Amino acid sequence: MLLIFPVLAFAALAAHFYRAGSWPLMLVCLVLIVLLAWPRAWVARLAQVCLVAGALEWVWTAFGLIQQRMALGQPWSRLALILA
């Protein structure tokens, strides 16, 4: 039951990479979902590192989207609030 949050996070990351057209990273996320079923310490550490990298990717993407909205002169605060 504790693995539901990492599984959902990796699924959301896989969808993010699929939409971006980054198939290798999408496949890595899907493989990590499967690996979470294997109770090994190195799998847990690998998942933690990948989740932190995924969080940084989402922050970077949010920053880029906010910059696009600002450059177009459109309101960006609602976008920032939703992504936060």
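**Cysteines, core and pocket**

C50 is partly exposed, with a relative accessible area of 22%, where partly exposed denotes the range between buried (under 20%) and exposed (over 50%), as found with a 1.4 Å probe on protein chains only. The structure is a predicted model, in which local features need pLDDT of at least 70 and side-chain atom pairs count only at pLDDT 80 or more, while totals for chains, interfaces and linings use all residues. Residues are numbered from 1 along each chain as its sequence is written, and side-chain values rest on heavy atoms, with hydrogens and water left out.

What becomes of the cysteines, and how many disulfides does the structure hold? There are zero disulfides, a disulfide being a pair of cysteine sulfur atoms within 2.5 Å. C29 takes part in none, and the cysteine sulfur nearest to that of C29 belongs to C50, 7.4 Å away. Seen from the other side, C50 is likewise in no disulfide, with the sulfur of C29 as its nearest cysteine sulfur at 7.4 Å. In contrast to the partly exposed C50, C29 is buried, with a relative accessible area of 5%.

C29 also leads into the interior, as one of the nine residues of the largest nonpolar core, together with F10, L13, A14, F17, M26, L32, L36 and A47; such a core is a set of buried Ala, Val, Leu, Ile, Met, Phe, Trp, Tyr and Cys residues joined through side-chain atoms within 4.5 Å. Two elements, α1 (4–20) and α2 (23–35), each give two or more residues to this core, helices here being DSSP runs of H or I with at least four residues, numbered from the N terminus. Of the elements, α1 gives the most, with four residues. In soluble globular proteins, nonpolar side chains tend to be buried together.

A14 offers a closer view of how this core is put together. This residue lies in helix α1 and is buried, with a relative accessible area of 5%. Leaving aside neighbours within four places in sequence, A14 is in contact (heavy atoms within 4.5 Å) with M26, C29 and L30. L30 itself is placed in helix α2 and, at 39% relative accessibility, counts as partly exposed. Another core member, L36, touches L3, P6, V7, F10, V43 and A47, again without counting residues up to four places away in sequence.

Two pairs show how a given sequence separation can go with quite unlike distances in space. A14 and V52 are 38 residues apart in sequence and 14 Å apart from C-alpha to C-alpha, whereas L30 and Q68, also 38 residues apart in sequence, lie 30 Å apart by C-alpha atoms.

Turning to the pocket, which residues line the largest one? The lining consists of H16, W58, V59, T61, A62, L65, A80, L83 and A84. Both α3 (41–71) and α4 (77–83) supply at least two residues of this lining, and α3 gives the most, with five. By class, the lining has seven nonpolar, two polar and no charged residues, with Ala, Val, Leu, Ile, Met, Phe, Trp, Tyr, Cys and Pro counted as nonpolar, Asp, Glu, Lys and Arg as charged, and the others, Gly among them, as polar.

H16 belongs to this lining and is found in helix α1. At 19% relative accessibility, H16 counts as buried. Beyond residues up to four places away in sequence, H16 touches E57, W58 and T61. Between H16 and T61, which are 45 residues apart along the chain, the C-alpha atoms are separated by 9.9 Å.

How values were computed
On a 1 Å grid over the protein atoms alone, a cavity is a set of points where a 1.4 Å probe fits but cannot get out, and a pocket is an open set with protein on both sides within 12 Å along at least five of seven lines; lining residues have an atom within 4 Å of a point.
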